[in-house]
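Thank you all for making the time this morning. I would like to take you slowly through one protein, starting with a single element and then widening the view, so please have the picture in front of you.

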Amino acid sequence: MDCHNYITVFPERKRGQHLGREERGAIQQLNKQGYSLRAIAREINCSPSTIMYELRRGTPLRKSHRGRAPEYSAKRGLAVYEMNRMKCKRPHYITHCSDFVKWVVAQVRAKKWSLDACVGHARLHQLFADKEMVCTKTLYNEMAAGNLPLSLFELPEILKRKQNKKGTRKHKRLKGRSIDERPDIVDLRTEFGHWEADTVIGRKKVREAAVLTLIERVTNNYLAIRIPGKNSESVMAAMKELHAEYGERFSSVFKTTDNGSEFEEFSKIEAWGSSVYYAHPYSSWERPVNERHNGFLRQYIPKGVSIEKYTYEDILHFADELNSRPRKRLAYQTPEELFDAFLDKLYIA
């Protein structure tokens, strides 16, 4: 009987294309009729070696010389193929980096570091050999695949969504010079001493304690000071403490400050030699560094939780924790290290 009466004529195959169910069925039929490897290959439109490997997969081993020789089974060939496909995936390299993974998990849980900060800090200080580590992208991929013993809530930055910036609203009444008048050198982030300021609240309640936050734009050094309330008197009292701490060098440490619109009397610090520029209302992107770090502070003081529950020392400790985190923008150095180096140069001069 001519096999072409019931065998499908297969189209030209692509290079590297795997066999399908119909093709395996055709191989089984042709093999039973005694077709050679090359004859079957011509019918299937593939390489003879492809047929040879498929016959090996689908033919069970002969256990003895008695009885009939085992024959190829398309069902068996497909089962072996699918099993081999499951095993052919590249093994996870992270399985060879268990010590590094344990260290990363410890830093995330104890110090709230990001995965990138962990990788950068470990490489900068050579805590592990290169073959004992994986890169940042691999860590995030393994996190997404569920291969790290961490939850998404332990890495809140992953859950944040990007928001489009809105247009600047006009200020009804400026309390000082506009941020538009700020020197261009501030945007370059090359000169030390330019700060951004804001306040952080817990509950939206009158006469509730708040946190005055300031951040230096070059080093990312973050100051967080607990104040009795979100008002100009409390803000100025905290600034007077900073002025007393730095004394005559205050104007060198705090050259310019950009702050939120709720600061009523903040411009009074210009009498100490600093310049103050007011951001537009509802324009938090004009103080991006401060706004981002206020988000970090929320890891310690969640929204809606009263700041009355935290002491002055607690707030300082939270700021110290943030300043000890390695930052990618700082070549994985910490804000604390860079700020101390700047102060050393300032006091030696």
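Let us begin with helix α6, residues 115–124, which is mostly covered, since 8 of its 10 residues are buried. I should say straight away that what you see is a predicted model, and everything I describe was computed from that model. The buried residues of α6 are Leu115, Asp116, Ala117, Cys118, Val119, Gly120, His121 and Ala122, and if you wonder what lies over them, the cover includes α5 (98–111) and α7 (136–144). Just after α6 comes Gln126, which takes a positive phi of about 50°.

Now let us turn to the nonpolar cores. The largest nonpolar core has 25 residues, and those with the most contacts inside it are Leu214, Met239, Leu242, Phe254 and Phe266. Which elements build this core? At least two residues each are supplied by the strands β1 (194–201), β2 (210–216), β3 (222–227) and β5 (275–278), and by the helices α10 (232–246), α11 (250–253) and α14 (335–348). The largest share, 6 residues, comes from α10.

If you would like one residue to look for here, take Leu242, which touches Leu214, Leu223, Ile225, Phe250 and Phe254, leaving aside residues up to four places away in sequence. There is also a second, separate core of 22 residues, and among its members are Ile94, Ala117, Cys118 and Leu155. Two of these names should sound familiar, for Ala117 and Cys118 were among the buried residues of α6.

Let me now step back to the whole protein, which has 14 helices and 5 strands. How does its radius of gyration look beside that of a compact globule of 349 residues? Such a globule would have a value near 20 Å, but the protein has 34 Å. Along its principal axes, the C-alpha trace spans about 105 × 45 × 40 Å.

Buried residues make up 41% of the 349 residues. When we consider contacts with a separation of 6 or more, 60% of them are accounted for by residues 24 or more positions apart.

Finally, a word about the surface and the charges. The protein exposes about 21,200 Å², and carbon and sulfur atoms supply 51% of that area. There are 61 positive and 44 negative side chains, and the centres of the two sets lie 11 Å apart.

Note on methods. Residues numbered from 1 in each chain as written. Predicted model: local features only at pLDDT ≥ 70, side-chain atom pairs only at ≥ 80, totals over all residues. Heavy atoms only, no water. Helix = DSSP H or I, 4+ residues; strand = E, 2+ residues; numbered from the N terminus. Rg over C-alpha atoms; globule rule 2.2 N^0.38 Å. Buried < 20%, exposed > 50% of the residue type's maximum accessible area, 1.4 Å probe, protein only. Contact = heavy atoms within 4.5 Å. Areas by Shrake-Rupley, 256 points an atom, 1.4 Å probe, with all protein chains shown as cover. Lys, Arg positive; Asp, Glu negative; His and termini not counted. Charge placed at Lys NZ, Arg CZ, Asp CG, Glu CD. Core = buried A, V, L, I, M, F, W, Y, C linked by side-chain atoms within 4.5 Å.
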